[in-house]
Structure formats: structure tokens, C-alpha cells
Amino acid sequence: QSRNTIQIAGSSTVLPFASIVAEEFANAFPDYNAPNVAGGGSGGGKRQLCEGVGEATLDIANSSSKMSASELESCHANGVTDVREIVFGYDGIVFATGINQGDFALEPVHLYKAIAAQVPVDGELVDNPYTNWSEIDASLPDQGIFVAIPGTNHGTREVFDQRVLEAGCEAAELPEMDEDAMEAACLTPRQDVVVEIAGDYTETLARLQSNPEAVGVFGLSFYDQNRDTLKVATVSGVEPSLDTIAAGDYPVSRPLQFYVKGAHVGVIPGIEDYVAFFLSEQMAGAGGTLEAAGLVPASSEFLAGQLEAFNNAEQYTR
Amino acid sequence: MDVLAGKVKVTSKTLDQTMNPAELMDHPIRLSARDVTVHYGEKQALHGISIDIPDRAVTAFIGPSGCGKSTFLRCINRMNDTIEGAKVGGKIELDGEDIYSADLDVVELRARVGMVFQKPNPFPKSIYDNVAYGPRIHGLAKSKADLDEIVISSLRKAGLFEEVKDRLAEPGTGLSGGQQQRLCIARAIAVGPEVILMDEPCSALDPIATAIIEELIDELRENYTIVIVTHSMQQAARVSQKTAFFHLGNLIEHGDTEDIFTNPVNKQTQDYIMGRIG
Amino acid sequence: MDVLAGKVKVTSKTLDQTMNPAELMDHPIRLSARDVTVHYGEKQALHGISIDIPDRAVTAFIGPSGCGKSTFLRCINRMNDTIEGAKVGGKIELDGEDIYSADLDVVELRARVGMVFQKPNPFPKSIYDNVAYGPRIHGLAKSKADLDEIVISSLRKAGLFEEVKDRLAEPGTGLSGGQQQRLCIARAIAVGPEVILMDEPCSALDPIATAIIEELIDELRENYTIVIVTHSMQQAARVSQKTAFFHLGNLIEHGDTEDIFTNPVNKQTQDYIMGRIG
Amino acid sequence: MNALVIAALLLVLLTVSYQVGWSRSRKLADGKDTRLHSRPIYHGALAALFALLPAIVILGLWALFSQSVTNSFILAQLPAEVAQQQPFEVQAAVSRVQAIASGYGVIGEPTPMETAAASAYASFQQLSFLGVIAAAAALGAVGLFWAQRRIAPRLRARTEVEIFVRLALIACSTVAILTTLGIVLSLLSDALRFFSFISPLDFFFGTTWNPRFQSTGSGSAGEYGLLPLLWGTVMISIIAMLVAVPIGLMSAIYLSQYAHARVRSVVKPIIEILAGIPTIVYGFFALVTVGPFLSGLGDVIGINIRATSALTAGVVMGIMIIPFISSLSDDILGQVPRTMRDGSLGLGATQSETIRKVLLPAALPGVVGAVLLAVSRAIGETMIVVLAAGNSPVLRANPAEPTSTVTVSIVNQLTGDADFTSPQSLVAFALGLTLFAMTLLLNVLALYIVRKFREQYE
Amino acid sequence: MTDTVLPGAAAGAQNRERVRKSLTRRHRNETLFRWAGILSIAAALGFVAILFGMILSKGLPSFWQSTVHFEAYFDPELIQGGPRPERADFASPADHQQAVNTWQRAVTMSNWNKIVETGLREAAPDFEIESRDLLELVTSAGRFQLRDIYFADPEVLGQTVPVSILASANTDNWLKGTIDRSQPDERQQLAATTRALADQFEENGTISFDFAWHIFTNVDSRSAPATAGLAGAFMGSLYMMIVVIVLAVPIGVASAVYLEEFAPKNRLTDLIEVNINNLAAVPSIVFGLLGAAVFINYFGLPRSAPLVGGLVLTLMTLPTIIIATRAALRAVPPSLRQAALGLGASHNQTVFHHVLPMTYPGVLTATIIGVAQALGETAPLLLIGMSAFIANIPAGPLDSATALPVQIYLWQGNENRNFFEARTSAAIIVLLGLMLLLNAIAIFLRSRLEKRA
Ligand SMILES: Nc1ncnc2c1ncn2[C@@H]1O[C@H](COP(=O)(O)OP(=O)(O)OP(=O)(O)O)[C@@H](O)[C@H]1O
Ligand SMILES: Nc1ncnc2c1ncn2[C@@H]1O[C@H](COP(=O)(O)OP(=O)(O)OP(=O)(O)O)[C@@H](O)[C@H]1O
Ligand SMILES: [Mg+2]
Ligand SMILES: [Mg+2]
């Protein structure tokens, strides 16, 4: 008798969504067990997915980042040749302060100047001199700089680096330098007023509560659940919301996905149904349960495409 | 200060059984040790002890603390085997059988040579179970009735039965010190030993309990070969027929108790008995 | 078995100092106890002890094990205070001062009444620090030189100085048993006590060390009031001028050592000394 | 059903062989005047061992190999194409056959091929099971026969049984060694893989911990200096010790030297409750209570203390360690012989002088050992730091700032979103190995000191 | 030589004078020292009190949760799927199962929310509210609750039945005031009408605070946080503890017996000893790494399984048990061994008949302490996949499960903080309760055993 519970693990960002789907899935399909959804981070999930084929291995890995070429390679090396990717929606990343703080209308360049270890002043890179937001831009509140950003172990950090720091870096017009140095200059945060949060968003929130001046980075869904204590900042003039992110107006968002082990489809009961259920209108679709939980939904055509690709056993490649 | 000389006398034998040296002659040799040496690691505790121990008599080992009395006693039932680092040399024969030979099962030996220790050490079980333990492990009783029989007769021989007959199910540790020691003797007897070794059996007891045990030893002598270690010369004089004096791991002198106490041959024995050493 | 009677004799006083009873008369009473009782929880260990202890003489407490010798000794410097559940009644006076009175500081008392224990118990410090410990805590030395002085003279009085003078910085625990015991005596002397209590100071020592300590006690007697507990009648006879015999928590008899050993008034004392009990 | 048959077989073997051994030896003793070396129960037990062990070995082998044997049998019944499929499809096909054979049925119509295979499989299953049972029983019987032939009055059955028992005991005590071995081996290979990316020199002596998030495809791997983590670990441990050692030691001293027996019997268990509280609870406690309290306190006295900081984690960890120190110190103070205390009191020292000048110096090695053991616990503590230290792996001296530790980094790097083949994840194993080596060192040191101390008084 | 130490009258007096002079200072030091001790104990006890006070004050309220009581009409119009298929109608059990599944899916797909909505509207007939906002009032699992009533008893079809459904987490927050009630609308989780209705319901008793039994009977829930419970985590912990007890106690005691009673004292046993003591202090997280590598990767045991968790915790607990058992064995007086040996008992008999029974109280205490420690362990479980969302109560040690401390960890990080902060404390109360219970049992059993000995 083979295993009859779907095993899922991975990203803690996807975890709440996958858990909800798992729970509803079991409710909707009383003949299947509720899938087990473990955390462990995107890396952990993919690692387990790629350990091999067989009952003791994972069926689905949740991930907030794309599987890398080397990961895929290691998958293949372990006999996991059929990996199917499903993108089911987007995660918005918002900047928020305590409820009683000033209003922030941020631009990536503001954040870059607040965060980077070295910033250009008069065309030269110097150690970051700013201590107050209003020094960076007069439009920003007169408030000390203190930023809590996701730790390097978070997938969110990747988006943050790309969409905020790199974008801000470009806008800040750094002096000419080679690519590596440029990357280092853009992406190295200062240590005095920037903390990297390795834990989850509750930790960031705790940081904000202990330091009222702090600006923190949160997932949209987390912000949504804690609107009573958090005040969100606009980025490039756009207020983050399901609509603005889905429309692509809000710059800081990323796709969320999971990877299915093709070899287990049809062997572990319910995988196809789970995927279809996940991508259904009532779950990942606009107005579905996951949206209420903070997922930025993708269009229904996109979701249908994902499902079709999955059913056609299209394999993930890089 | 000669005024004090001779002021301490030992009048012994308040007990009634007596035995004169001639009688002792009849007793065959039960145990004989030849050139027994014991090392504890580097340290030599016994330097070649040779002694014959007669049947059905009490032999007392005396000597100052640390002279090796207990060590030698433990050789006789191979309790030294249980001490890490103890090495025994020489030969000890029980009824002509070498007790250190490879065929001999030490468990069987210990059933034949019982031991009573300095501090009463009853098991934390009922009085009955204390006495029944030995017969049980050795399979001495065919039935429950048999076992009852053994337990009761052993307790009786140890002079304890009357005192405890109504509370055989109570823990042995609840008895008084003297009773506990008698319980230990009963426990040893229950296995049906031929020899009983006693290592300072009264040193933890009060004078009254001591007197009772001494009387008991005197009775047991009729059926068992008894070896007793004592630190009290008075006690040795009271209960034993043979006395061996140890000093610094050597057997200095050995003979009839009366002779040893009245006419010690050796200077060291004399000194010890006169209270000049120890 | 009367043949054995009288075979054990104690010839005592191998030491040269002697003192006759008349001399003792001159010694004023240093300590006097009246009706001292001690309870350990429910159990009464002493039943009203009254005794006078003379200055500059050795008083020995003898008696069978558990009779309360140590208990009474510990009353004299209130070491019983440190035992949970011990309650002391009656009165003990040191130089006419009630040592159990509320004004009396027990720390001060213990500085005046030193104690040496059964097992040598040097602190795990250097020999020097062992001896200097008392003077330091009591602030007896004004300067380092003072302290050196005290340490050296104490060691000298304890007859240890010559043996250890080259290794004062080595740990006291590295000495032999007899040396350790003398170190403990030196440590007690260093505080400048008036009375020294010793609880079986030789029972853990070999005969040679014992002899040295006995000699030392005899010397110390000239300057201190000494009370010694011993389980060896021979030792009591050898070192003491006064002897007190305890039995079952009672002081049975007390008097000049010679009298006690030669003419015990009490039947129990007689029995004990004759070796019939204990 | 199968399990029942097997249990029954073993039970029968057990009773029969025991009975045989018991009664035969008894008869020997009854008949003649010979004395048995061992009591009948030992002969019984020995016979049972002889009978059961071979049977169990056979059953064990079957348990190991039945799966593959069954699989290949079923595959042999199915067409050859099936076996050439992907392993998982093969497994699916096999499971279908098994489901049909079990009578539960499958969804959809089974093919005739499958039905045939199923019936063949069913009979194979029965036959093979019977065969195995028979083999086990036969071997058991052989063992029993041999055992009962050996029975003789002088057979040292007890000794043999005892040897067996002792072997079993030895087997149990190797588990601890295997555990250590397992730890080292399971960490080593991945740690080595990490060191193939990052040079050990950079790891052990680097002063920056910044394992960049490796953007897919991007080149730089970040910096993996261990020192900031190590420093965080050390700093938190020091703070924890500053809290725990004085409080723990003084509590132990007071309870063992001053307090009434009754006070002691109440207070001690209450303090020991602290040791039983899960560390996750401490973490939560630090996060919601201690952190905000400390930062509030900082505001009052004018120091900027972060709510999640080395201080918070250290203080809470200190609280957790108090009972550890106090009970160990209690034991150790108890081991200092009473004569030592009496010696000092007898010289007129006050209680506290005795404790400070005699007991503590005497117990010092033991206490140091205890503290070292506590330190190794602090170093290995994870959940408190995860929740309370604020994860900021930067080399800085101010304890009021957030910091990070080795353990936290293990959790973070391993449960993060990083690529699992990358040094970002693999570093966790190198960290684990370092941690293991550190605690090993501390422990060996502590044990050495404690043992030296024990020797002194034994 | 001075006369400092001579007991001559003058010197004696001088000595006594010096001693006297030092007394005030020394007694003051004594008092200070004593107070340091008392303060330390007070601090330690204070920590216990604060910790318990905080957790109790935060956690206790969440044991009472707002519950909506109303009448539900099981409308035959809405409930689909027809009658439940009978076993007799189908050839094989597999076919029957298939039919039942189809029926259950159909029933599930019915518009249960409509039934909930109708029931709620009945309870407040005059209240104007949008359906969506109305449904926000109760937990989203309410519809499944009704469905399960129908599954359990299809006879309710067409009847009106009084039901009690938990209010949603947001409603609970609102009513308990764990969310700031003065915040403006856009910062509230619930619409203004929903909040007003909640208040009205509370007043007229439709919503009451009932004891939240479901904390003990439900599993964790993400989609309906109000119904989240500890049953799954509890069972997971229970299985792990069983594994720990079944494995760690015999193995631990056996090793201790071997090492203490039988093993020759040599380098090897020394090594084992150091090794065991070291294992006792190896960080628990390292055991997690070990478990992942050995039990899951090497032996292929399922992840998230209590069996694996139990094995890891067993390895962690073993040293505790071994060390404590050895200490207990060492404390058995040698006289007891001698007594048995002297009677001719063999070494094994001596150990198993006399020595080992004496250690039972010690072993028992060690076991319970070890188990309590294992019960509270979190870090290693995170690494073997037990920090999972598991919607089933595990039926055996091989099923996926979480454990109580992991559940605490998960809840404390939940984004619905206002609700889960209290819930976390509630879980902690349960865990601490278990812990204290275990300790109480240990103390009780130990005193019983010791009395018997
Ligand atoms: N287990 C042991 N290990 C090492 N040395 C030992 C051991 N047992 C005894 N000894 C040493 O062997 C010598 C003889 O000891 P033994 O116990 O036989 O003396 P004893 O005559 O019985 O003394 P006592 O009257 O004090 O009981 C002593 O020096 C003692 O220190
Ligand atoms: N700390 C204590 N608690 C309870 N009872 C005690 C304590 N110390 C001694 N006793 C009891 O008080 C009685 C007298 O004891 P003590 O130690 O004074 O006797 P002793 O004459 O010194 O004996 P020994 O010669 O054995 O040293 C004994 O019955 C003993 O059991
Ligand atoms: Mg002896
Ligand atoms: Mg005494």
C-alpha cells in the first residue's frame, strides 16, 4: 500500500496559502486526506523534492523563488527528471510603519539611500551620511532612519534587492565602476540602522513596536491582517493593494509557485486534483479564498494555462 | 607510670559453653591456606598467609586496623574477585578442593562459604524474602512448604524467630541493628553453608546486641566452621577457640586462643595484646 | 572459662611526663557542665551530664559507641548548633561564663575553644594557609610578619614545623595522615584557644602516628585545657589525668584516670573496663 | 493475520522450548542425587534462546527481503513492457495487482492480465508465507533439539544465559557511540561540500557574515565569516552566565547551607520548574515580556536597548539556566565533606566565612565544571535566540543591539528560501560541525575538571 | 617568637580583644551574604511567578471563545447529492467507496454558506447587512460543521436544527477588544455592519463566550483560524513520547547497567562515558541535522512522522537517562551487592534482583524529566519536517504530525496576531500543564516507590 497523503514542503511565504488549499481540499474531497504542508523554506522544500523518487520523498515543493539551474541539475542527478512548475499568484511586498507615524511616499531611490552602506554624494561614493528621512528627500517625514528588511535567507530579499535596491541604485546615478563593484555598492546594506530579519513577519512587527521610528518590510497578506497596527507606504506613488499589484502598477512583487514531482502524479492519490483545486477560481482565482488571505491573484487565463501545462506534463526547464 | 600497669584486665567467657584445647584436636582441618598473597593494584595487602582452620570451632582474626584481616577473610569465599584490581595468589583449599581452580564455580563456593558483614545489610525486602532469597536462587526448596521450613529453621537457628514470627512480611530494614545482624546470619545459614565468615559482625552494635550475637556464635559453632574478624581482643577472647594475629599483612601468630592471650610467643603479638600498639 | 581471665593487661604511660593526683588538685576548674541534655529531634542523646573539667590537664571521655561522648564534646564549643534538629539543655560554663547565654557570641566562643576532629580535615589549601586561616578570619595578626610568626610557632608547637618548613606552600592535603592531624592541631592552636577538644584524634591513624600525637597531647597539656574522646581505653590510660565514662547518654563515672581504671566504683564502668561490654 | 500467526509461532516455540529445558533439567535433578549447576529456569531460558533466535533470524530476513521478492514475482507475471517503465509506474502496476489480490478491488476494470497476476500472486503469497513459517519453525525445532541434547547437570546454563544478557546490554550501550558517529558523519559530507565553495580560512576567520541571497544565476556567494556568529554566541552566553551564575550559585548556597529543610523542600522544586519549561516558551516570554520591559527600562535610564537584543536573549537564557547551575552547585557543595565545614566552624569562622573561604574554594573546580556544562547548554540553545536575539550577525560589542548565534544561523540557513545546493544552505552543516566541536571541547574540559574534583574527595 | 598565640593571661586577653573587634564587621558580612542568598532565591521565584503570570493572563481568555447560536434550516433545495449510496448496491468495496466519495463531494459542493446566512438573518431579522459581511461574522468552517451534521445524520434534511458555530477570529478579536476598537473603518478587519451585528448578538445572547473545547479536539486550521486546536499536535507529541519511552528507557537503563555494573574500567569505557556526557550537552539542533540525514535520508523513514521525531528525541533523551541511572546505581550501597554476592548470587542476579530495583525511583524520575525535556523540544523537529501544517489527527506514529512546541512556534508566527498571541499562550498553558503533570507524577511515584523500599 503506497502512501496516500500528499506531502508538501517549502517556502514559508507560500505556506499559509498552501495550508488553506490543503484544508479546503480535504473538505471538498472527503476521499482524500488533507495534504501535509511543511515549512522549511523554499530551499528546504526543493532539496527534499529533489532527493529522489519514492514514497519517502516529497511530492510538491512550494517556493517563492524559481528553481535554479543547479538545483534542477541536482534533481535530475537524483532521478527526479519530471519537475513541473506552477505559478499560482503573486506576493506583494509592502513597506509599513507603526500606525502613528508620518506618511511615507517612497521611491526606490529613497530606500536605496537610506539602506546602502555607501551612497553617492556629489558623484562620489561615501559612507552613508543620512540619519533622517527628511535629509534624503524633503517630502519624507522628519523621522530617524531605521529599516527592518528581510534576512538573506528569505526569498523576499531577492525581490527587495532587485526591485528596490537595484532600481534605486540606478536612479541614484552611481559613478562608473565595474559590474561586481557596482553590485556590491548597490546591494550592501549598512549595519547601523538596518536590521535583517531572519524570522517571520511577526518578528519585524515586534521590531516596529519596540522602535516606533522603524520602517519594516512585510508581505501584503501580513499587512492586511495587521492593519490595526501598521500604516503602509506608497512606492513610486502607488499604494499597494491587490488591484495595483495584479495590474502590475505596484513595483515590488514576485510570483509564487510550487513544483510538482511528475513521477508521483497518478501514484500518490490526489495530486492532480490538488493542483486543479489550487488553480481553481474559488481558490487562487480573483475573489477566491486565497485572495482573502492576501494572495495577489493571477488572471484566470493564466491560471488555466498553468493547469493545462501541468496536465500536459510540461517539464520545467531552465 | 607503672601505677597504671595491669589495671585493665579482660575476664572473658561469660558464655557457658567451653572447650579445652585438647578437644580442639579432634576437629579436622576444614580450610587450609598456603602462601596466600593479595595485591590491590600496586599495593600488596597480604604477604603469604598460611593457616589451617579447624572444623566446628570459632577462629578469630585480630590485628590492628589495615593489617589485612578482612582481605584474607574475603579470599576464603572469593569476594575479592568482585574488587577491581585485587589479585590473589597462593592456594586455599576447602575440604581439600582448591577454591581458586578454574572448574570451581564461585557461585557454588559462596553457597558453601557464607558471609556476614560488618554493617548489617538486609535486603530492602520482607524478612521472609531476605531469608528465602538464597534458597530461591540456589533452588534449594522443592515447594513452598519446603521454603517455609528452611526460612523458619534458619530464623530459629539465628535466634530471631520468636522476635519476628508475627511480622515476617515486614521489611527487614525495619528491625533494630542487632536483629538485622541476626537476620543476616539467618540468611547466610538458609543456604546451608559449611563455613561462615564474619567480618566484625558486632562493631556496629550496642553492647546488648553484641552479647546476643556472641552467644549465637557460640551456639552455631556446633554445626559450622566459623571465622570471625574482630577489632576487640576481648571479643576474640570471649568467642573463639583459635586466634590468628595479623600485622601489616603478615600472619604473625596463630594458635589456641588461650595460648595467644596468655603466652604470646611473638613480641608484636605481645605488644598488641598489651595495648602498646593499636 | 576463667583460665582466660586476666590475660589482657594494659600497661600504659609509655610517655615520660607524669602527674600525680595531688598535683591535679591545684588545677582550677575551667569548664563546668550542669545537667546538660541533648535531643536529636525526638531522640535524647544525653540525659543530664554534670562534670567539671580542670585547667591544664587532659580529660578523656570513654564509653561504648553511641554513648554520647562526641555529642557532649560538641556541646562545649556549641558545634551542636550546626546540626539540624539538635537541642541542648542545661548549662555549661567556661571560666564561669555561660556559653549558651544570649550575649555570648558563638564565633568568639569557638575561637576560645578549639576542636580537632576524628578524621584529619585540612582545608584544600597550602599548609601555611591552613594554619593562617584562623588568625586571618579573626584578625589576630597586625602584619604579615605577625602572621608568619603565628603560623610558625603554631606549627612548632604541633611538632610539625621541622617536617614541613620547606614546603609551607604545598597543599595540606598532601601530607600523611598523622601529619595532617598535627596540622589540624596547629591550625587550632593558631587561634590561641584556651581549651582544645579532640574527638578520637587518632582513630584514623596508624600506631606510629598515634604515638606521636599522644606525645604531643602530653606536651600541650602544659598550656591548654584538653578534652579528648577516645574509644581506646589504653589510650585514655596513656594520655589522660581525668577520665569520664559515658554509657547510653549518661555520665556513669568521672574521676582521676588512675582511680577509674584501677578502682571503678560503678558496676558498668567495671564491666566496660574489664571488656565485658563494648 | 500474518502477524498473529508469527506471534503464535514464536509463542509456541517459546513455551515449548522453555518447558522442555525446564522439565528435562528438573528430571535430571530429581532422578539421581546429582546437583544441577543451574536452576531449571535457566535451562528453560537457554533452550528458549536456542529455539527462538534462529526462528527470529529467518523471520527477520524475510521481513527484509520479502518486498523485493514479491515485487519481482508480480513483475514476472506481468508483461515485460511493464517492467521497462519508469520505476514509479512499475510500482503503480504492482500495487494494482496487490490491491486486486487483497480483494479490496481497484477503481476501474482490472485487465485479465492483472487478474491472472493477482491470483498467481495470492497463491504465491500464501505459499511463501507458509514456507517461511515452516522454515522458522523447523530451525527453531533444530535449535531446541540441540539445546535439549546439551542439557546435563553440569551444563552452565545460567552462565550462558547471562552471557547472552550481557551481550544484549553491550549492544544497548553502543547506541550512544553510534549516535556520535552518526552526528559526525551526517555533518561531515555536507560540511566538506561547503568548504569546496568557501575556503575554511574565510569561514573560520572571516569577520563578516553576509550570505547574500543568491539571486538565481548571479555570481557572488556572499561572505561566511564565522566570527560574528561566534561572538554573538559568546556574548549571549556570557550575559546568560552573568545572570545565572550569581543567582544560581547563591540560591544553591542559601538553600543548602542556610535554609530550613522545609523551605528547601518547597523552594527547590519550584526553582527546578524553570528547568522543565520548554525553550520555545522562554522564547515567547522574551519576545512579549522581557524584550519590551528591557527596552522600556532602557528608555527610563537613557540607554537605547532594543527589544530583541543580545541582552534580552542572554537574560532569558540566564533565567533558564538558573536551576541548572543551582542544582549542580547544590550537588557539588554537598560533595564537599562535612568535616571541612566543621573544621572551619570549629575554628570560629562564621557561616559565610566558611562558605566563602573554605567550601567555595574547595568546590570551585566542581562549580567551574558545572558552569562550563551550563555554557555548553547556552551555546547550543536555539529557540530563545531565534525569537529574542534579533538576528543581526554583525561583529559589535554593544549587548543592547541585536545579534545572532551559530544555532540561529543553522535554522535560518536551512529553513530559508536559499538554493539548497548553494553554500548558503550548506553552511548550516559546517556551522553544525563547529558547534559540535565546540561543545565537545567544553564538555571534555568540564568533565575533566569535575572528575579531578571528585577524585579529590573520594 | 612573640606571645601573640600564647594563652597566657595577657596574650589571651589581647586575642579576645582582637576577636571582639572583628565581630561587628564579620556579622555584618554574614547578614549581607545571607541577604544575597535570599534575594537570589526571591529573584528565581520571581521569574517563575512572572513567567506563569504572563502566560496565564495572556492565555486563559482564549479558552473562552465567542460562539454563535442560531437555528439552521437544512434546506433540501440547497443540499445536493441525493441519498447516501448503500453498500449493497455495489459489487466491490472499491466501487462502493467510489460512489460514496462522489456523493460526499456533491454534498460538500452544496451552498452551505447560504444555509448559514439564512440562519443568521433569522436571528437578526431587521438588520441590514450584505451577505459577504454577514458571513464574516462566523468562522468559515461553519459550513463544514453543518455539512458534518448532515453526514452524521441525513435525517436532518428539511428540518430546522439549533446549531452553535464559532464566531470568526476577527469577531472574537472585536468582542474581546484585542483589537483597538477606536480604529477607523479601513483599519478594521470587519465591516462596520458586521461589528455592529456582533455587538448586538453579544447583547442578546446569540453570541456567548463558551468554553473552547475545540482547542483540545480540533487540529490546526489556516482557513478558519477560530477553529484551530491542538489535537493533532497533541497526538503527535503523544506518539513521540511513546516512542521515546519505549526506546529510551530500556536502552538507557541497559547501557547504564552495563557501564556501571559490568564494563571493565578501561580506555574504551572511559571514552563511552565522555561520549555520553557529551551527548547530553550536544545542541538539540545538531540532533535535528542527524535525524534528517540518518533517519530520513539514509533509512528512508517518512518525514514529519512522529516516529522520526521520537527517534531523534530518544537519542537526545538517552544520555539523560543513562547518566541518571548510573548515578542511581552508584548510590546503591556496596553492602547490598556484597550481601547478594556473599549468598552466592551471580553477578547478573545481584544486579537484576537487588541493585536495579533500588534504582527504580531514580530511573523513573530521570525518565520523566527526560520525557518532559523531549516534550518541550522544538529546534530539532523543525529540521525533520515537523513544522508542518497538518490537517489530520495522526492515526499512527508513521503519519505526518506536528508537536505541541512546534505548534506554539507556528502560532506565534501567524499573521493573525491579535488572535494567535492569546492562542499561543493557551497552547503554552496546555504544554506547561502537561509538564507539571508529568513532574507531579514523578514526585508522586517516586515517593511511593521510596516508601516501599
Ligand atoms: N579495595 C581496596 N583497594 C585498595 N586497597 C585496599 C582495598 N581494600 C583494602 N585495601 C588495603 O589493604 C590493606 C588491608 O586492608 P583490610 O581491609 O584487609 O584491613 P583490615 O585488617 O580488615 O582493617 P580493619 O580493621 O580496618 O577492617 C589496607 O592497607 C587497605 O588500605
Ligand atoms: N546528627 C545526629 N542526628 C541524630 N542522632 C545523632 C546525631 N549524632 C549522633 N546521634 C545519636 O546520638 C547518640 C550519641 O552519639 P555520639 O556520636 O555522641 O556517640 P559517641 O559516643 O561519639 O559514639 P562513637 O564512639 O561511635 O563516636 C547516638 O545514639 C547517635 O546515634
Ligand atoms: Mg576490615
Ligand atoms: Mg563519636
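**Exercise 1. State which stretches of chain E carry the UniProt annotation "transmembrane region", and describe the backbone over residues 279–300 and 307–329.**

Solution. In the unreviewed UniProt entry, the annotation "transmembrane region" covers residues 32–56, 238–259, 279–300, 307–329 and 426–445 of chain E. The model examined here is a predicted one, and its backbone can be set beside that record. Over residues 279–300 of chain E, the chain is 82% helix and 0% strand, with the end C-alpha atoms 24 Å apart. Residues 307–329 of chain E are 100% helix and 0% strand, and the end C-alpha atoms of this span lie 30 Å apart.

**Exercise 2. Describe the extent of the contact between chain D and chain E, and find the three residues of chain D that supply the most buried area.**

Solution. Begin with the residues: chain D brings 81 to the contact and chain E brings 78. Next comes the area buried between the two chains, which is about 6700 Å², with carbon and sulfur atoms giving 75% of it. Within the area that chain D buries against chain E, Leu169(D), Tyr254(D) and Phe284(D) supply 9%, more than any other three residues.

**Exercise 3. Work out which polar and charged pairings cross the interface of chain D and chain E, and what makes up the side of chain D.**

Solution. The rule finds one salt bridge across this interface: Arg26(E) pairs with Glu353(D), and their closest N and O atoms are 2.7 Å apart, which falls within the 4 Å cut-off. Polar contacts link 13 residue pairs, both residues being at pLDDT 80 or more. On the side of chain D that touches chain E, helix α6 (residues 157–197) gives the most, with 17 residues. Sorted by class, that side has 51 nonpolar, 23 polar and seven charged residues.

Technical notes
Residues are numbered from 1 along each chain as its sequence is written. Chains are lettered from A and ligands numbered from 1 in the order in which they are written. This is a predicted model: local features need pLDDT of at least 70, side-chain atom pairs count only at pLDDT 80 or more; totals for chains, interfaces and linings use all residues. Side-chain values use heavy atoms; hydrogens and water are left out. Contact means heavy atoms within 4.5 Å. Buried area is the accessible area (1.4 Å probe) that two parts lose on being put together, summed over both. A salt bridge is a side-chain nitrogen of Lys or Arg within 4 Å of a carboxyl oxygen of Asp or Glu. A polar contact is a pair of N or O atoms within 3.5 Å; within protein, one must be able to donate a hydrogen and the other to accept it, and residues adjacent in sequence count only if both atoms are side-chain atoms. Helices (H or I, at least four residues) and strands (E, at least two) are DSSP runs, numbered from the N terminus. Ala, Val, Leu, Ile, Met, Phe, Trp, Tyr, Cys and Pro count as nonpolar, Asp, Glu, Lys and Arg as charged, and the others, Gly among them, as polar. UniProt positions are given in the numbering used here, feature names are shortened, and annotations may be inferred rather than shown by experiment.
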